[in-house]
Amino acid sequence: MQLNRRTNLRGALIELDWLGVCSYENQASFLGLGKRMVLTELLRGADITTTVARDIEWAMQKRQGWMDEDHRNEALDD
(Lines give C-alpha, C1' and ligand atoms only; values in the text may rest on other atoms or scores of the structure.)
Protein backbone atom coordinates (compact mmCIF):
# COMPACT_ATOMS: atom_id res chain seq x y z
CA MET A 1 0.00 0.00 0.00
CA GLN A 2 2.91 2.38 0.70
CA LEU A 3 4.08 1.97 -2.90
CA ASN A 4 0.65 3.01 -4.18
CA ARG A 5 0.45 5.94 -1.77
CA ARG A 6 3.91 7.19 -2.71
CA THR A 7 3.21 6.81 -6.45
CA ASN A 8 -0.11 8.63 -6.07
CA LEU A 9 1.54 11.37 -4.02
CA ARG A 10 3.97 11.93 -6.88
CA GLY A 11 1.02 12.06 -9.28
CA ALA A 12 -0.71 14.62 -7.07
CA LEU A 13 2.45 16.74 -7.08
CA ILE A 14 2.58 16.61 -10.88
CA GLU A 15 -1.07 17.70 -10.96
CA LEU A 16 -0.34 20.56 -8.56
CA ASP A 17 2.65 21.63 -10.65
CA TRP A 18 0.41 21.69 -13.73
CA LEU A 19 -2.03 23.89 -11.78
CA GLY A 20 0.77 26.33 -10.91
CA VAL A 21 1.50 25.17 -7.35
CA CYS A 22 5.15 24.48 -8.08
CA SER A 23 7.39 24.70 -5.01
CA TYR A 24 7.54 21.91 -2.43
CA GLU A 25 6.78 24.54 0.22
CA ASN A 26 3.53 25.54 -1.50
CA GLN A 27 2.62 21.96 -2.38
CA ALA A 28 3.12 20.81 1.22
CA SER A 29 0.94 23.67 2.44
CA PHE A 30 -1.76 22.95 -0.16
CA LEU A 31 -1.85 19.26 0.84
CA GLY A 32 -2.12 20.11 4.53
CA LEU A 33 1.30 18.66 5.35
CA GLY A 34 2.64 21.83 6.91
CA LYS A 35 6.30 22.19 6.05
CA ARG A 36 8.26 21.20 2.97
CA MET A 37 10.38 18.84 5.06
CA VAL A 38 7.35 16.62 5.79
CA LEU A 39 6.67 16.29 2.06
CA THR A 40 10.34 15.56 1.39
CA GLU A 41 10.39 12.85 4.05
CA LEU A 42 7.28 11.20 2.57
CA LEU A 43 8.87 11.17 -0.89
CA ARG A 44 12.06 9.69 0.55
CA GLY A 45 10.27 6.75 2.13
CA ALA A 46 8.60 7.78 5.38
CA ASP A 47 5.29 5.97 5.91
CA ILE A 48 2.27 7.79 4.53
CA THR A 49 -0.26 7.19 7.29
CA THR A 50 -3.94 6.68 6.64
CA THR A 51 -4.66 10.11 8.14
CA VAL A 52 -2.17 11.80 5.81
CA ALA A 53 -3.50 9.85 2.82
CA ARG A 54 -7.07 10.97 3.57
CA ASP A 55 -5.91 14.60 4.00
CA ILE A 56 -4.18 14.50 0.61
CA GLU A 57 -7.29 13.01 -1.01
CA TRP A 58 -9.44 15.76 0.48
CA ALA A 59 -7.03 18.50 -0.65
CA MET A 60 -6.88 17.06 -4.18
CA GLN A 61 -10.65 16.48 -4.32
CA LYS A 62 -10.19 12.72 -4.77
CA ARG A 63 -12.51 10.12 -3.32
CA GLN A 64 -11.64 8.39 -0.07
CA GLY A 65 -9.29 5.47 -0.68
CA TRP A 66 -7.83 6.89 -3.91
CA MET A 67 -4.33 7.13 -2.43
CA ASP A 68 -4.37 3.40 -1.59
CA GLU A 69 -5.12 2.20 -5.12
CA ASP A 70 -2.87 1.46 -8.09
CA HIS A 71 -3.71 3.96 -10.84
CA ARG A 72 -0.79 3.24 -13.17
CA ASN A 73 -2.90 1.54 -15.86
CA GLU A 74 -5.73 4.06 -15.85
CA ALA A 75 -6.28 6.28 -18.85
CA LEU A 76 -5.54 9.96 -18.38
CA ASP A 77 -8.47 12.37 -18.37
CA ASP A 78 -8.96 14.33 -21.59
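User: What share of relative accessibility does E15 have, and what class does that give it?
Analyst: This is a predicted model. Buried means under 20% and exposed means over 50%. E15 has 31% relative accessibility, so it falls in between and counts as partly exposed.

User: Which residue meets the side chain of E15 in a salt bridge?
Analyst: Side chains of opposite charge can pair when their charged atoms come close. For E15, the N to O distance in the salt bridge is 3.4 Å. The two partners sit 47 residues apart, with E15 in helix α1 and the other in the segment after α4. That other residue is partly exposed, at 27% relative accessible area. The partner of E15 is K62.

User: Over the face of which residue does K62 lie?
Analyst: K62 also has a place over a ring. The distance from the ring centre is 4.9 Å. The ring belongs to W66.

User: How many aromatic pairs does a search of the whole structure find?
Analyst: Pairing needs ring centres within 6.5 Å. The search covers the whole structure. Its count of aromatic pairs is 0.

User: How far apart are the end C-alpha atoms of helix α1?
Analyst: Helix α1 runs over residues 2-18 and has 17 residues. At 1.5 Å a residue, the expected span is 24 Å. The end C-alpha atoms agree with that, so the distance is 24 Å.

User: Which residue just after α1 takes a positive phi?
Analyst: Look just past the end of α1. The phi there is about 100 degrees. The residue is G20.

User: Which helices help cover the buried residues of α1?
Analyst: The buried residues of α1 include L9, A12, L13 and L16. Their cover includes three other helices. They are α2 (24-30), α3 (36-44) and α4 (50-59).

User: Which helix gives the most to the largest nonpolar core?
Analyst: The core has 18 residues, and L9, L13, L31, L39 and M67 touch the most other members. At least two core residues come from each of α1, α3 and α4. One of these helices supplies 4 residues, the most given to this core. That helix is α1.

User: Is A28 buried or exposed?
Analyst: A28 is in helix α2. Beyond its neighbours within four places in sequence, it contacts L33, G34, K35, R36 and L39. L39, in turn, touches A28 as well as L9, L13, Y24, Q27 and L33, again leaving out residues up to four places away. A28 has 0% relative accessibility, so it counts as buried.

User: How far apart are the C-alpha atoms of A28 and I56?
Analyst: Along the chain, A28 and I56 are 28 residues apart. In space, their C-alpha atoms are separated by 9.7 Å.

User: What is the N to O distance in the salt bridge of R36 and E25?
Analyst: The side chains of R36 and E25 meet in a salt bridge. R36 is in helix α3 and E25 in helix α2, 11 residues apart. R36 is partly exposed at 41%, and E25 is partly exposed at 41% too. Their N to O distance is 3.9 Å.

User: Which residue forms a salt bridge with R54 at 2.9 Å?
Analyst: The closest N and O atoms of this pair are 2.9 Å apart. R54 lies in helix α4 and its partner in the segment after α4, so the pair ties together parts 14 residues apart in sequence. R5 and E57 belong to the network of salt bridges that holds both partners. The partner of R54 is D68.

User: How many salt bridges does the structure hold?
Analyst: Among them are the pairs K62 with E15, R36 with E25 and R54 with D68. The count for the structure is 6.

Definitions and conventions: Residues numbered from 1 in each chain as written. Predicted model: local features only at pLDDT ≥ 70, side-chain atom pairs only at ≥ 80, totals over all residues. Heavy atoms only, no water. Expected span 1.5 Å × (residues − 1). Buried < 20%, exposed > 50% of the residue type's maximum accessible area, 1.4 Å probe, protein only. Contact = heavy atoms within 4.5 Å. Salt bridge = Lys/Arg side-chain N within 4 Å of Asp/Glu carboxyl O. Phe/Tyr/Trp six-rings, centres within 6.5 Å; stacked < 30°, edge-to-face > 60°. Lys NZ or Arg CZ within 6 Å of the ring centre and 35° of its normal. Core = buried A, V, L, I, M, F, W, Y, C linked by side-chain atoms within 4.5 Å.
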